[in-house]
Amino acid sequence: MPDDTIGIDISKATLDIHRLSDGKMMSFSNCPAGFKALSKLCAQTTVTRVVYEATGAYHGGLE
């Protein structure tokens, strides 16, 4: 598995994800269920870095 970077654009309703290694893009709800789904995605590869763009205070739950 390649080392990977996950980019996240965080909004009130969603976490918009881009996985650098394969260009896969997806969206999860910005809530505990979405965080769990994101965790499963991250388990598929060796994540070396996560970068995110936060809007207001909407990144608090993810952090």
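Student: Which residue of β3 stands opposite Ile17?

Tutor: This is a predicted model, in which local features need pLDDT of at least 70 and side-chain atom pairs count only at pLDDT 80 or more, whereas totals for chains, interfaces and linings use all residues. Residues are numbered from 1 along each chain as its sequence is written, and side-chain values use heavy atoms, with hydrogens and water left out. Strand β2 covers residues 14–19 and strand β3 covers residues 25–29, where strands (E, at least two residues) and helices (H or I, at least four) are DSSP runs numbered from the N terminus. The residue of β3 that stands opposite Ile17 is Met26.

Student: How many bridges join β2 and β3, and in which sense do these strands pair?

Tutor: Two strands pair if DSSP finds at least two bridges between them. Besides Ile17 and Met26, the facing residues include Asp16 opposite Ser27 and Thr14 with its bridge partner Ser29. For β2 and β3 the count is five bridges, and the sense is antiparallel.

Student: Which residue takes a positive phi in the hairpin of β2 and β3?

Tutor: The hairpin of β2 and β3 has five residues between the strands. Within this hairpin, the residue with a positive phi, near 75 degrees, is Gly23.

Student: How many residues make up the hairpin connection from β1 to β2?

Tutor: Strand β1, residues 3–10, pairs with β2 in the antiparallel sense over five bridges, and one of the partnerships places Ile8 against Ile17 of β2. The hairpin that joins β1 to β2 does so through a number of residues equal to three.

Student: In what order do the strands lie in the open sheet, and which of them are at the edges?

Tutor: The open sheet has four strands with mixed pairing, in the order β3-β2-β1-β4. Two of these strands pair on one side only, and these edge strands are β3 and β4.

Student: Which residues of β2 point to the buried face?

Tutor: In a regular strand the side chains alternate between the two faces of the sheet. Along β2, Thr14, Asp16 and His18 point to one face and are not buried, where buried means under 20% relative accessible area, exposed over 50% and partly exposed in between (1.4 Å probe, protein chains only). The residues that point to the other face of β2 and are buried are Leu15, Ile17 and Arg19.

Student: Which residues form the covered face of β3?

Tutor: The uncovered face of β3 holds Met25, Ser27 and Ser29. Helix α1, residues 32–42, packs on the sheet and touches β1, β2, β3 and β4. The covered face of β3 is formed by Met26 and Phe28.

Student: Which element gives the most residues to the largest nonpolar core?

Tutor: A nonpolar core is a set of buried Ala, Val, Leu, Ile, Met, Phe, Trp, Tyr and Cys residues joined through side-chain atoms within 4.5 Å. The largest one has nine residues, namely Ile6, Ile8, Ile10, Leu15, Ile17, Met26, Phe28, Leu38 and Leu41. Two or more residues come from each of β1, β2, β3 and α1. With three residues, the element that gives the most is β1.

Student: Which residue beyond β4 is among the contacts of Leu38?

Tutor: With contact meaning heavy atoms within 4.5 Å, and leaving aside neighbours within four places in sequence, Leu38 touches Ile8, Leu15, Ile17, Phe28 and Leu62. Leu62 counts as partly exposed because its relative accessibility is 24%, and its own contacts, again without such neighbours, are Ile8, Ile10, Leu15, Phe35 and Leu38. The contact of Leu38 that has its place in the segment after β4 (46–53) is Leu62.

Student: Is Thr5 of strand β1 buried or exposed?

Tutor: Thr5 lies in strand β1, and its contacts, leaving aside neighbours within four places in sequence, are His18, Arg19, Leu20, Thr48, Arg49 and Val51. Because its relative accessibility is 12%, Thr5 counts as buried.

Student: Why is Cys31 in no disulfide, and how far is its sulfur from the closest cysteine sulfur?

Tutor: A search of the whole structure finds zero disulfides, a disulfide being a pair of cysteine sulfur atoms within 2.5 Å. Cys31 is partly exposed, with a relative accessible area of 28%. The closest cysteine sulfur is that of Cys42, which is too far from the sulfur of Cys31 for a bond because the distance is 16 Å.

Methods. Axes are lines fitted to C-alpha atoms, for helices over the stretch in contact, and angles run from 0 to 180 degrees between N-to-C directions.
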